[in-house]
Amino acid sequence: MYHLETLQKMLYDRNETKTKCALYQFFILEILFMKMEILFMKKRRGYLHNNYQLFYLKDQQTKEIEEHYHEFPKIVVFISGKASYLIEGCTYELQPYDILLIHQNDIHKPLIDLSLPYERYILWVDPAFLHSYSQKSSELLACFQIASQNNLHLLRLKDSALMIFQSHIKALHQELMSSDFGSDIMADTFLFQIMVQLNRELLSRNNAITSYNSDPRIQSLIQYIRDHLEQPLSIPDLANQLYVSPSYLMHLFRQETGMSLHQYITRKRIQLAASRLKEGIPATEVCFSCGFQDYSTFSRAFKKIFKTSPGQYNNS
């Protein structure tokens, strides 16, 4: 196959016939359309444009999925395959129909056996939508908040509770695929039943799995970082808190979380910055209130994640 530049040169070569020129022009347009489609997919991937979205997926992964996060809560229902999930430094070993509650901005990644098909439901939910249907005594986002604060990301339902959940998630999927009258209303009702059930299960702690693989020192450090993002967080100072050397701390952190300590701190600060920009706080003020020492470093880190400048973030 020709490279785009080669095809363009051949297109304007006087020795080529008109027929060949037309053929080469077709090839060029084909390549350009393919590139545009790829760019479009990359831009849309991971963004929620509805009140909620449910995906049923069964595929065989060909490469590892990198650590990432979303600006909205996410529910993963593992169905089949062989996988575990790394969420904020905690690794959860999955069994069929395990439910993972992942709060917005929680850094996570699946650890998948690439030799087997990986089957799951993924549910994305707009937090503003859930909150709008909550009551004072029944905040539907509570399950995500509790999961994130207490490392209770995994629910393993049993017996009748599992049967009810399976029925609701399948019914939600069917209604979202349907064009029948009232299917959108029925989908909403099943979503709310799912959210009420998950909140009840997590609040009762009966089916919340408290066992996971994680070094308690790293969990303590992650909590400290979350609580002190506005303050200086040098690696030597953090290492002193754990009574280890900086080099050992960096090695241990990457081993437990899959990312470097510097990357984690930067991402958490950028997440905090994004939330404050949405509140209308000026970008310069946000920069220094989120622990960055200079605006250029802040701006580069922000653009790397959000593909836009801090000043333009609310307009993007």
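**Figure 1. Val-76 of strand β2 stands opposite Leu-100 in β5.** This close-up comes from a predicted model. Val-76 also has a partner in another strand: Ile-122 in β7 stands opposite Val-76. A further facing pair involves Val-77, which stands opposite Ile-99 in β5. Strand β2 covers residues 74-80 and β5 covers residues 99-102. The two run antiparallel and are joined by four bridges. Between β2 and β7 there are six bridges, again with antiparallel strands. In a regular strand, side chains alternate between the two faces of the sheet.

**Figure 2. Five strands make up an open sheet.** The order across the sheet is β1-β7-β2-β5-β8, and the pairing is antiparallel. Strands β1 and β8 (154-155) form the edges. Each of these edge strands pairs on one side only. How much of β2 is buried? Six of its seven residues are, so the rest of the structure largely encloses this strand.

**Figure 3. Helices α4 and α6 meet the sheet.** Helix α4 spans residues 142-150 and lies across β2 and β5. Its direction is at about 85° to β5. Helix α6, residues 183-204, packs on the sheet as well. Which strands does α6 touch? Its contacts are with β1, β2, β5, β7 and β8. The direction of α6 makes about 80° with that of β1.

**Figure 4. Six residues of α4 are named here as buried.** They are Ala-142, Cys-143, Phe-144, Ile-146, Ala-147 and Ser-148. What covers them? The cover includes strands β2 and β5. It also includes helices α3 (127-132), α6 and α7 (216-227). Just after α4 comes Asn-151, with a positive phi of about 55°.

**Figure 5. Tyr-56 and Tyr-121 form one of 15 aromatic pairs.** The ring centres lie 5.4 Å apart, and the planes make an angle of 55°. This geometry counts as tilted. The pair links distant parts of the chain. Tyr-56 sits in strand β1 (residues 52-59), and Tyr-121 in strand β7 (residues 118-125). Along the sequence, the two are 65 residues apart. Are these tyrosines buried or exposed? Tyr-56 has 35% relative accessibility, so this residue counts as partly exposed. Tyr-121 has 7%, so this one counts as buried. In the sheet order, β1 is followed by β7.

**Figure 6. Six aromatic residues form one cluster.** The members are Phe-292, Tyr-295, Phe-298, Phe-302, Phe-306 and Tyr-313.

**Figure 7. The structure holds one cavity of 30 Å³ or more.** The largest cavity has a volume of about 60 Å³. Which residues line the largest cavity? Among them are Glu-67, Leu-86, Ile-87, Glu-88 and Gly-89. Ile-107, His-108 and Lys-109 also belong to the lining. So do Thr-257, Met-259 and Tyr-264. Two strands, β3 (83-87) and β6 (108-112), are the elements that give two or more residues to this lining.

Methods
Residues are numbered from 1 along each chain as its sequence is written. This is a predicted model: local features need pLDDT of at least 70, side-chain atom pairs count only at pLDDT 80 or more; totals for chains, interfaces and linings use all residues. Side-chain values use heavy atoms; hydrogens and water are left out. Rings of Phe, Tyr and Trp (its six-membered ring) pair if their centres lie within 6.5 Å; planes under 30 degrees apart count as stacked, over 60 as edge-to-face and the rest as tilted. Buried means under 20% relative accessible area, exposed over 50%, partly exposed in between (1.4 Å probe, protein chains only). Two strands pair if DSSP finds at least two bridges between them. Contact means heavy atoms within 4.5 Å. Axes are lines fitted to C-alpha atoms, for helices over the stretch in contact, and angles run from 0 to 180 degrees between N-to-C directions. On a 1 Å grid over the protein atoms alone, a cavity is a set of points where a 1.4 Å probe fits but cannot get out, and a pocket is an open set with protein on both sides within 12 Å along at least five of seven lines; lining residues have an atom within 4 Å of a point. Grid points are joined across faces, edges and corners, and a volume is the space filled by probe spheres set on the points.
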